[in-house]
Every structure is written in C-alpha cells, then in structure tokens.
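Please look over the sequence and the structure shown below, and keep both at hand while reading this report. The sections that follow take up helices, single residues and charged pairs in turn.

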Amino acid sequence: MYSHGSESLIKQAREIQESELQKFYSRLLKLLQAKEFGHETIDSLQRLHLILSATKYTRTLPTELQRRLLSLLSSPVEQLQVLSSAVLRETLPLSGQELNYNQDNSHTAALLLSQAGSRADLSSLCTQLIRSLENRQSDPPNHSLTHTLPIVNAILTHSPECLTEEHVTLLSKKLVDWLRYASITQGVGASSGGFFTGPRSRQPVPIAELDGTVSGDFFTVLCVGQGFTEDQWMNVFSFSMLRHWLLTYHSVPSGVPITDTDDRSEFDSSVVSMVSATSSSSRLLSPKERVREKAFQYCLRLIEQSDRKAHKRTDTDLQKACLVEAVCILDCVCVEDTALVYRTFPCVKALFGRLSSDLTFARVLLPIAQFYLNHGEMAAVDCESVWKLVFSQFPAELFNDPFLAHELLRFLRLNHENLLLRVPQYTRSFPNLLKFLAWDSPAVVDDFVDLLPSLVTVETAVELLHTLLDLPCLSATLVLQLRSTSSPISEPSGRGLMSLDAFRNPALRGLFLYLLRTEAGSGDTIDRLSVLHELLAEAADWPRVVQCAQTVPVLLHIFFNTVLKVADENLLTHLMLVMLERSSLLLKLPTYIKEIHRVFSCHLLRLCKLHPSLVVNQSHELLEFAGTTANVYSKEEIFTHVVWALGEYLSVSCDSRCSVKLITSCFETLEAVLFEITSSSPPPGAARPAPRVVTTLMSALAKLASRSHDLIPRVSLFLSKLRTASRGGSVAWCSDEEDLVAIVTRGEELWSLLKTPGVAQSVLTPPAHVTTPQWHRDTNLSMPLQLRTLTSLTHTQ
C-alpha cells in the first residue's frame with residue numbers, strides 16, 4: 001500500500017490538465033537547453049516520469065523535448081541517463097525516429113528493447129548486443145558488459161525465438177569463457193563504501209574461498225576478494241542466467257557440431273582440480289554441449305565450496321542459494337544429456353546425506369528431491385529417505401515457514417503426475433500436506449485447488465473428506481502446538497486458554513495427535529469428535545481458524561467433483577453416510593456450518609441423480625435423518641434436499657427394488673414430521689419451519705401417494721385441513737402472510753392433481769423420455785430429416 005503522501009502525488013499526476021502539462025513540457029525544455037543541469041532539472045524529470053507512468057495511456061512528447069531526452073542517454077551523469085531512459089520507455093517513439101544502439105550505454109539498449117515493435121527489431125537488437133559481448137579479456141575493459149548481459153536475458157525471457165543459431169553459438173562460447181576462464185586473481189580494491197573494500201596491493205593476490213583459504217581452482221560466485229575484475233563479474237552474471245539459458249537454448253535448431261579452434265587451454269592460468277579436469281576431446285563438442293559440460297563442472301565445484309565453513313552469516317545464506325541453483329542446473333544438464341546422470345548422482349547423493357539431518361537446508365533439499373524424481377529410476381537408487389523427508393518431516397515441522405510452503409507446493413504442482421506414478425507416499429501424505437493450508441489458508445489455497453484432485457483416490461476419499469471437514473480444528477491445533485512450546489499465553493481478560501490446557505492434558509492428547517498425524521490410514525475420523533469440538537470452542541474466533549474455515553467449502557466442491565470420476569457405488573454410499581453424519585459434527589462456527597450444509601445439499605442431489613439406486617440402498621439412514629424433527633430447524637438446507645430426494649427417487653422407475661412397503665414407510669415418516677411442525681405452536685422466540693421445508697414435504701408426500709394410490713386420501717385430508725386452517729387467518733407455524741399464501745397455493749395444486757391419480761403420476765413422476773427428450777435421434781419422427789436437410793443446405797458450397 002502507498003503512503004498518504006504517495007497517493008496524493010499519484011492522484012495529482014493522473015488529474016493533470018492538458019494545458020498545465022504543455023506548460024510543464026515548455027518549462028522542462030528550457031531547463032534541458034541549459035549548459036548545466038541542477039537539482040531542478042532532476043526533480044522535473046522525476047515528476048515527468050511520475051506523470052507518464054501514473055496513467056494507463058501512453059503519451060507522445062513534443063519532438064524537441066524527446067530529442068533532448070535522447071541526447072541525455074549519452075550524458076556523463078548516470079542519474080540523467082537513468083531518468084531519460086525511464087521517461088522515454090513510457091512514451092511512444094517518434095515516427096521515423098532512428099535510435100542507434102551504443103554499446104557503451106546499456107540504457108539505450110533497454111530503451112530499444114521496450115520500443116521494439118517486431119521480431120525483426122528484437123533480432124537486430126540481439127545481434128548488436130551479442131557483438132558487443134565479443135570483446136576478449138585482453139581488450140580494454142568494457143564496463144557495459146555487466147549491463148548488456150541482463151538485457152540479453154530479458155530478450156531470451158520474452159522472445160527466445162529471436163535468437164538465431166549464430167546468436168546461440170556466439171553466446172555459448174562467451175558463457176564458456178566467463179564460467180571457466182575468469183581471472184583467479186583479485187581485482188583492484190573498490191572505493192570506500194563499496195563491495196570488497198580493502199587496501200590495494202601491487203602484486204596480484206589470488207582469490208580466496210569463503211573460509212579464508214586461497215582458492216586452488218577456477219573462479220566461481222562463491223570466491224571472495226577485495227575487488228572483482230570485469231571477467232569475474234561476468235562469471236557471476238553468467239551463472240545467474242545459466243539455468244534459464246539451458247532451459248531455453250535447446251529450442252533453437254542445432255547446427256552441425258563446431259570445433260572450437262579458438263578455445264583456451266584447459267590449463268590456462270589455473271590449478272585444475274579433479275572435478276574440473278576433462279579430456280581434450282571436449283574441444284570437439286559443439287558450443288551448446290560445451291556450455292553443458294562447463295555448467296556441470298561449475299556446479300560440482302560450487303557443491304564442493306558449499307562444504308566450507310563461511311566466516312559470515314550472509315555468506316552462509318549465499319552458499320545455500322548457490323546450492324539450490326547448482327542442483328537445479330545439474331538437473332537441467334542431466335535431462336538434456338542422460339549420460340551425465342551417472343557422473344552426477346554420487347555427488348548429489350553425498351550432498352543429500354550431508355544436509356538431510358539439518359532442516360535449515362530444507363529449501364536446498366527440494367531441488368535434490370526433484371533430481372531424485374527425475375533421475376532416480378535411471379540410476380536405480382533408493383529414494384525412500386528422500387520422500388520421507390519431503391512428505392513427513394517438512395510439513396510436520398516446517399508448516400509455518402511461508403517460503404518452504406510455497407516452494408514445496410510448487411514442487412508438488414509441477415510433479416503431481418510423476419508423484420502419483422512413482423511415489424506411493426504422496427497420496428497418503430494429505431493429512432500432513434494440509435497443515436500448510438490450515439496454517440496459512442489465503443496464501444496457499446490456490447495451490448491446493450490444483451493439488452486436491454490428485455489426492456483423491458478410492459482408498460483415500462473417505463478419510464480425506466473427514467480431514468477437510470476438520471481443517472479448522474487442525475488450524476487451531478497447530479496454533480496450540482506452537483503456543484505450548486512458548487511462554488504461557490492468556491486471553492486479554494487474563495484467563496488462560498482452556499484449549500491449551502486440554503492440549504497439554506495426557507488424557508486428551510490422543511485427540512490432538514490424530515489431527516497432527518503425518519500419514520493417512522490410521523482411521524477415518526475421531527470417535528470423540530464432539531468432545532474435540534467442545535475443547536476447541538474458544539478457537540472459533542481465532543483469525544487463522546476463521547480463514548481456514550472459509551476455504552473448506554471451495555475444496556469440498558473440488559473434492560466431490562473429483563470423487564464422482566473415480567468412485568464406485570460402494571464408495572458413494574459411504575460418502576453419503578458421512579455427509580449425513582458429519583452435518584451435525586462440525587466445529588461451532590455458524591457461518592461455516594451453514595456453508596458446509598449448502599455444499600452437502602448440492603452434492604447429495606448430484607449423487608442421487610447420477611445413482612438413483614443409492615436412495616433405496618440407504619433408505620433407512622435417509623428416513624432416519626428425515627424423520628428427526630430437530631433437523632427441520634438446525635439443518636434446513638440439507639433436510640430439504642434429503643426430503644426432495646426421497647420423494648423423487650423412491651420409485652419403481654428408478655429402482656425395481658422399490659416396494660409398496662418402502663414407499664408407505666417413507667410416506668408415514670414424512671407425514672409425521674409435517675404434521676408435527678404444522679400442528680403445534682412453537683414457543684415465543686423459537687424458530688419456525690421454513691416455507692420451503694413445508695412445501696417440499698407436501699410435494700414429496702404427493703409424489704409418494706401418486707405411486708401408491710392407497711395413500712392419496714391421507715394426503716388429500718391434510719391438504720384440505722391446511723386450506724381450511726388458512727381461511728381462519730394466520731397460523732402459528734407461519735408468521736408471514738405471503739409465505740402462507742404460497743404454501744396454500746402449492747397445496748391446492750397438489751390436491752387438484754391427486755383427484756385424478758393417473759394424471760398425478762404422469763406429472764409428479766414423469767417417465768424418462770419426457771424429462772430427457774431425444775427427438776433429434778428418434779427415427780420415427782420427422783425432425784431428424786428436417787435437421788439433416790437444413791444441415792446439408794447450410795453446408796452447401
């Protein structure tokens with residue numbers, strides 16, 4: 001968020017009038033025509049940049065002002081170069097204006113990149129940039145090199161097709177030079193306040209390792225000194241873009257392997273280690289292959305350097321970052337050249353063995369897990385310890401690390417198909433993985449929207465449904481777990497948290513340990529779930545718990561949409577029972593309970609529509625639920641849909657097992673509920689039955705009666721009494737007059753239908769060919785012929 005002052009400036013910039021803007025242009029042009037530029041010029045350029053960038057419209061500057069700004073690109077004052085380049089990038093180029101690339105000025109290149117209008121423009125710019133990189137180390141230092149390479153990388157990011165085979169070859173050669181043959185002596189000491197400050201030395205001083213020892217091998221990003229030379233800086237820049245280059249350049253068509261006759265000696269001015277030494281045959285490799293080989297050597301050296309004890313904490317963080325990049329690059333080169341897998345795996349395996357016991361290296365271990373996933377099968381190595389670390393320890397102990405959560409979930413998203421095939425632990429680890437969601441729902445909910453379908457299987461579906469419903473409980477438990485290890489925490493009133501005492505109580509510990517389990521398979525849910533909800537009642541207003549509860553309905557929709565694709569009828573039956581059972585076993589968050597009931601109602605109907613036989617199979621449980629009058633008030637949404645499903649699908653047309661006895665039993669159950677809620681006066685302040693519940697019960701009874709005509713007089717009697725009662729004025733169970741009118745009107749419609757049982761059955765229980773007509777496929781009708789005729793006419797050439 002912007003500060004109040006910043007928002008005020010942006011608002012002024014957006015609302016500036018055209019007349020005022022033209023005056024500002026004239027005033028700035030006079031300032032730029034002066035021989036020297038002061039603070040007023042700098043301030044005016046900054047204000048112009050704000051005006052141009054604060055709106056979505058791209059403006060055209062006056063011709064003379066734009067020319068003055070172009071001339072500032074070659075100003076000796078870097079601040080003027082930066083400001084003029086930034087301003088020009090926010091404007092439209094002048095028609096016919098030619099801007100020549102100056103290899104000594106990276107700001108010109110950045111401007112050309114922003115205003116390139118075609119692939120040809122980008123390709124031309126790329127050619128000029130790469131030619132400017134062809135200076136040898138013996139040439140005078142060119143300080144634009146460190147600015148040019150990032151611009152090339154930007155072109156590679158946005159338009160890799162602009163690089164031709166010649167571009168790839170030239171840049172590959174330069175990358176090899178910078179990566180492998182950078183100077184191994186320290187550069188001139190930097191000025192006071194810069195990097196690597198220190199006294200100058202007349203004699204060349206060799207570069208050092210992070211532990212202070214003299215380096216005995218080629219220069220890498222983990223080497224230190226009092227100053228860096230130009231080629232050493234290019235070494236650092238090259239490493240920063242190396243993985244991107246390896247992932248992109250292979251898309252450019254490869255030419256004939258080229259013998260690099262201008263290559264430097266492998267033994268030029270360095271002590272060669274066993275890691276970096278290669279056979280002389282590497283000179284015969286194509287430039288692309290040589291980049292791959294040098295990247296391999298560079299990364300192995302970084303892994304060796306990372307084992308040194310750094311003197312500074314920042315250097316330790318640098319080692320970790322370089323390890324992540326090194327392992328990712330090794331993975332890239334092994335994907336491109338599988339022969340390197342056998343040379344790489346011993347090093348990666350040793351690195352894993354060294355780091356696996358220290359969870360501070362968790363973000364380094366994830367790229368190692370990616371390497372094992374991609375190449376472990378080829379190398380025939382045991383990956384069990386890797387997956388135990390990733391799926392067990394990481395979520396259980398580091399669920400509150402936002403960076404690890406992001407990277408681990410990204411790893412799972414990118415690899416979930418391979419994980420399903422090769423890693424059995426993946427689908428069983430959902431209780432552990434969901435801890436990331438329970439802890440920080442807003443940040444990771446998008447990841448789980450993508451991941452959840454891959455976790456739904458026939459074996460995990462029931463337990464996963466229970467776990468999703470218990471996510472708010474898991475969120476509260478994670479908070480308690482962290483609080484139990486810290487100093488005692490009390491509420492503002494000074495009263496201690498009862499849930500925290502319960503968490504520490506050995507007698508109740510098992511309830512919380514089940515929520516904190518790391519793997520599925522130890523049971524569907526908790527036997528004493530209602531006890532757990534009582535213990536966590538005070539957590540209902542904790543921010544993390546509330547946020548977590550808001551994400552559960554979204555995930556439940558995804559769960560049910562997925563489970564319908566993989567489940568058989570037995571599993572769907574089990575899920576229906578879980579929905580009925582869990583509708584009354586939820587953490588006491590009113591909004592949460594209401595949303596869960598809405599989701600259950602929606603998908604209960606889907607299950608019944610796709611598999612009508614489920615209603616007959618589970619008629620006893622459904623009738624028990626529908627026969628509980630309390631559900632009319634506490635579970636209105638799901639109760640209404642259960643009643644509708646019973647009335648709709650308890651029919652011989654849906655299932656031949658549906659007997660008259662079953663229909664009668666269902667009728668009597670629903671009749672008793674309807675009579676109870678409409679015959680008794682609720683106490684003052686008590687809830688009244690919703691009009692939709694009443695009309696649904698009436699419709700269900702009418703449908704059932706139309707299938708068993710002996711029941712019609714009983715329905716007609718109730719409907720006539722309802723009509724008579726409404727004439728006497730308002731009724732106690734319905735306080736709204738409009739609702740009562742709607743209920744009575746619906747009752748009269750049903751009564752009229754039931755007077756003619758044959759019509760009632762065809763209307764209330766229509767046959768399938770009426771509800772799902774397929775006239776366009778019926779050969780006995782004339783419509784298919786008409787459709788074919790019209791189709792042939794419209795398709796006639």
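## Where helix 18 and helix 25 meet

Which residues in helix 18 meet which residues in helix 25? In this predicted model, Leu-437, Ala-438 and Trp-439 in helix 18 meet Arg-544, Cys-548, Thr-551 and Leu-555 in helix 25. Sorted by character, the residues of this contact between helix 18 and helix 25 divide into five nonpolar, one polar and one charged.

Two packed helices are described by the angle between their axes and the distance between the axes. For helix 18 and helix 25 (residues 543-566), the axes come within 8 Å and cross at roughly 120°. That crossing makes helix 18 oblique to helix 25, because an angle has to lie between 65 and 115 degrees to count as roughly perpendicular and over 145 to count as roughly antiparallel.

## One residue from each of these helices

Asn-432 has its place in helix 18, which covers residues 430-439. With a relative accessible area of 0%, Asn-432 is buried, since the word buried applies to values under 20%. If its neighbours within four places in sequence are left aside, Asn-432 is in contact with Phe-391, Ser-392, Pro-395, Ala-396, Arg-517 and Thr-518.

Pro-553 has its place in helix 25, and its relative accessible area of 9% makes this residue buried. Leaving aside its neighbours within four places in sequence, Pro-553 is in contact with Glu-595, Ile-596 and Val-599. The C-alpha atom of Pro-553 is also separated by 9.1 Å from that of Leu-468, although the two residues are 85 residues apart along the chain.

## Helix 11, length and surroundings

Helix 11 takes in residues 287-305, and its 19 residues should span 27 Å at 1.5 Å a residue. The C-alpha atoms at its ends are 27 Å apart, so the expected span and the model agree.

How many of the 19 residues of helix 11 are buried? The count is 17 of the 19, and helix 11 is therefore largely enclosed by the rest of the structure.

## Salt bridges

Side chains of opposite charge can pair when their charged atoms come close. The structure holds 27 salt bridges, and one of them joins the side chains of Lys-288 and Glu-165, at 3.9 Å from N to O. Lys-288 lies in helix 11 and Glu-165 in helix 9 (residues 165-180), so this pair ties together parts that are 123 residues apart in sequence. Lys-288 counts as buried at 8% relative accessibility, whereas Glu-165, with a relative accessible area of 28%, is partly exposed.

Arg-413 forms a salt bridge with Asp-450, and the closest N and O atoms of this pair are 3.8 Å apart. Because Arg-413 lies in helix 16 (residues 402-422) and Asp-450 in helix 19 (residues 441-455), the pair ties together parts that are 37 residues apart in sequence. Arg-413 is partly exposed at 27% relative accessibility, and Asp-450 is partly exposed with a relative accessible area of 47%. In another salt bridge the side chains of Glu-636 and Arg-692 meet at 4.0 Å, N to O. Here Glu-636 lies in helix 31 (residues 636-649) and Arg-692 in helix 33 (residues 691-707), so the parts tied together are 56 residues apart in sequence. Salt bridges can also link up into a network, as they do for Glu-209, Asp-211, Arg-301, Glu-304 and Arg-308.

## A positive phi in a loop

Most residues other than glycine have a negative phi, and most peptide bonds are trans. Ala-380, a residue other than glycine, has a positive phi near 55°. Ala-380 is found in the loop between helix 14 (362-379) and helix 15 (384-398), and its relative accessible area of 69% means that Ala-380 is exposed.

## Helix 35 and helix 36

The axes of helix 35 (residues 737-754) and helix 36 (residues 757-764) come within 6 Å and cross at roughly 125°, and the two helices are therefore oblique to each other. On the side of helix 35, Leu-750, Leu-753 and Leu-754 take part, and they meet Pro-757, Val-759, Ala-760, Val-763 and Leu-764 in helix 36. The residues of this contact between helix 35 and helix 36 divide into eight nonpolar, no polar and no charged.

Definitions and conventions
Residues are numbered from 1 along each chain as its sequence is written. This is a predicted model: local features need pLDDT of at least 70, side-chain atom pairs count only at pLDDT 80 or more; totals for chains, interfaces and linings use all residues. Side-chain values use heavy atoms; hydrogens and water are left out. Helices (H or I, at least four residues) and strands (E, at least two) are DSSP runs, numbered from the N terminus. Buried means under 20% relative accessible area, exposed over 50%, partly exposed in between (1.4 Å probe, protein chains only). Contact means heavy atoms within 4.5 Å. The expected span of a helix is 1.5 Å times one less than its number of residues. Axes are lines fitted to C-alpha atoms, for helices over the stretch in contact, and angles run from 0 to 180 degrees between N-to-C directions. Angles under 35 degrees count as roughly parallel, over 145 as roughly antiparallel, 65 to 115 as roughly perpendicular and the rest as oblique. Ala, Val, Leu, Ile, Met, Phe, Trp, Tyr, Cys and Pro count as nonpolar, Asp, Glu, Lys and Arg as charged, and the others, Gly among them, as polar.
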